[in-house]
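Got your viewer open? Let's take a walk through this model, one selection at a time.

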Amino acid sequence: MAFLNRVVYKQVAQRLITALDPPSRSCAEISGGLGRGFPFKSFEEFHYPDFDICTDIFRSANGRLRKFDMIIADQVWEHLDRPYAATQNVRKMLNPGGVFYICVPFYVRYHAFPVDCSRWTARGLTNLLIEAGFPEAGITADQWGNLASAQRACAKKWAKYDPAIDNLTNDPDFPIVAWAVAHR
């Protein structure tokens, strides 16, 4: 059974990424694992501490900048010490016409893995992306949550989705998770 804070955004991610024609795109994922479920032209995962998106762009063995048609960061940015620098690095690694998919929590409990630093709403993600150099016209962002789900998501234990008790109706005043797609 899925964690409550991931039920809706996983459905949205499936729809958004599928609409971006995965078979035509090379993709890099920063930690996570969401991208494994799509038929990308090519797919690579980059994990911390071997790769630190905050400090540098990803490079090949000969030191050249790695470029991709899509970069996914699913439930990662809240753990970064320098999310603005990381977002700028992502933009540098995207081919022209490339896409960055980012999804982050808002109302969830503290989870230091290895650290827990930031939270964003859909508007906050949009601002982050603009400040990192993505054109505003190429950004779409949204969020989901509701009060009862937010209360369960902030409990001592991670809440598992239970359709008998969990109402998935969106209430924008109590976001649990936010996501954005930014086109370079």
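Start with the empty space: the largest pocket holds about 610 Å³. Here a pocket is an open set of points, on a 1 Å grid over the protein atoms alone, where a 1.4 Å probe fits, with protein on both sides within 12 Å along at least five of seven lines; a cavity is a set from which the probe cannot get out, and lining residues have an atom within 4 Å of a point. Points are joined across faces, edges and corners, and the volume is the space filled by probe spheres set on them.

Before you click further, know that this is a predicted model: local features need pLDDT of at least 70 and side-chain atom pairs count only at pLDDT 80 or more, while totals for chains, interfaces and linings use all residues. Numbering runs from 1 along each chain as its sequence is written, and side-chain values use heavy atoms, with hydrogens and water left out.

**Stop one: the pocket lining.** Select S31, V76, H79, F113 and P114, which lie nearest the centre of the largest pocket among its 29 lining residues. What classes make up that lining? There are 15 nonpolar, eight polar and six charged residues (Ala, Val, Leu, Ile, Met, Phe, Trp, Tyr, Cys and Pro count as nonpolar, Asp, Glu, Lys and Arg as charged, and the others, Gly among them, as polar).

**Stop two: the sheet.** Switch to cartoon view and find the open sheet of six strands, ordered β2-β1-β3-β4-β6-β5 with mixed pairing. At its edges are β2 (42-46) and β5 (139-144), each pairing on one side only. From one strand to the next, the twist averages 15 degrees. Strands (E, at least two residues) and helices (H or I, at least four) are DSSP runs numbered from the N terminus, two strands pair if DSSP finds at least two bridges between them, and the angles, from 0 to 180 degrees, run between N-to-C directions of axes, which are lines fitted to C-alpha atoms, for helices over the stretch in contact.

Now colour β6 (residues 177-183), which pairs with β5 in the antiparallel sense over six bridges. You can pick out D142 with its bridge partner W179, then Q143 with A178. Strand β4 (residues 94-105) also pairs with β6 in the antiparallel sense, over seven bridges; there, P105 has V177 as its bridge partner. Six of the seven residues of β6 are buried, so this strand is largely enclosed by the rest of the structure. Buried means under 20% relative accessible area, exposed over 50%, and partly exposed in between (1.4 Å probe, protein chains only).

**Stop three: two helices.** From D142, jump to L125: their C-alpha atoms are 9.1 Å apart, with these positions 17 residues apart along the chain. L125 sits in helix α3 (residues 122-131). Is L125 buried or exposed? It is buried, at 0% relative accessibility. Next, select Q14 in helix α1 (residues 7-19), which is partly exposed at 42%.

**Last stop: the cysteines.** How many disulfides are there? The count is zero, where a disulfide is a pair of cysteine sulfur atoms within 2.5 Å. For C27, the nearest cysteine sulfur is that of C103, 14 Å away. C27 is also buried, at 1% relative accessibility. Finish on C54, whose sulfur is 8.5 Å from the closest cysteine sulfur, in C117, and so too far for a bond. C54 is buried as well, at 11%.
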